Amino acid sequence: MTYLIQFSDKARYELFDGWAWYEKQQIGLGDKFENEVYKKISFVQSNPLIYEKQGNFRQANTEIFPYLIVFRINEHKKMIFIVSVFHTRRNPHRKLR
């Protein structure tokens, strides 16, 4: 079963910020980053329970870029709430702030 996806404002900002940074490095790289994140989100959307629960959250690594998709599942509503699109070199305590 496929779950609905909802982004937090923070996750939307982090996705845009990552896109802008990569695009500044090389034109088109931001789009590759964005595509990679959405590819992983699509996989999570179909298979959210395969990711280990860590407290109230789960996380999925992107394949190419050093980012985590941090999310929470609402089984009752069949919804995935993306809390953060988190660069793995940042302070891990900031994932959920």
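Two strands are said to pair if DSSP finds at least two bridges between them, and helices (H or I, at least four residues) and strands (E, at least two) are DSSP runs numbered from the N terminus. The model is predicted, so that local features need pLDDT of at least 70 and side-chain atom pairs count only at pLDDT 80 or more, while totals for chains, interfaces and linings use all residues. Residues are numbered from 1 along each chain as its sequence is written, and side-chain values use heavy atoms, with hydrogens and water left out.

The strands offer a starting point. Leu68 of β4 is the bridge partner of Asn61, and Leu68 also stands opposite Phe86 in β5. The pairing of β3 with β4 is antiparallel and runs over four bridges, the two strands forming a hairpin with five residues between them. Strand β5 (residues 79-87) pairs with β4, again in the antiparallel sense, over eight bridges; this hairpin has four residues between its strands, and Lys78 in the turn has a positive phi of about 55 degrees.

Helix α2 comes next. Its 18 residues should span 26 Å at 1.5 Å a residue (the expected span being 1.5 Å times one less than the number of residues), and the end C-alpha atoms are 26 Å apart, which agrees. Gly30, Phe33, Glu36, Val37, Lys40, Ile41 and Val44 of α2 are buried, where buried means under 20% relative accessible area, exposed over 50% and partly exposed in between, with a 1.4 Å probe and protein chains only. These buried residues cover an arc of only 135 degrees around the axis, which puts them on the same side of α2, the arc being that of the directions from the helix axis to the C-beta atoms. Lys32, Asn35 and Lys39 are exposed on the other side of α2. The cover over the buried residues includes β1 (4-7), α1 (9-25), β3, β4 and β5.

Within that buried set, Lys40 has a relative accessibility of 11%. Leaving aside residues up to four places away in sequence, Lys40 touches Tyr51, Ala60, Asn61, Thr62, Glu63 and Ile69, a contact meaning heavy atoms within 4.5 Å.

Phe33, with a relative accessible area of 0%, leads to the aromatic rings. Rings of Phe, Tyr and Trp (its six-membered ring) pair if their centres lie within 6.5 Å, and planes under 30 degrees apart count as stacked, over 60 as edge-to-face and the rest as tilted. By this rule there are nine aromatic pairs. The rings of Phe33 and Phe65 have centres 5.4 Å apart and planes at 85 degrees, so this pair is edge-to-face. It links distant parts of the chain, 32 residues apart, with Phe33 in α2 (residues 29-46) and Phe65 in the loop between β3 (57-61) and β4 (67-74).
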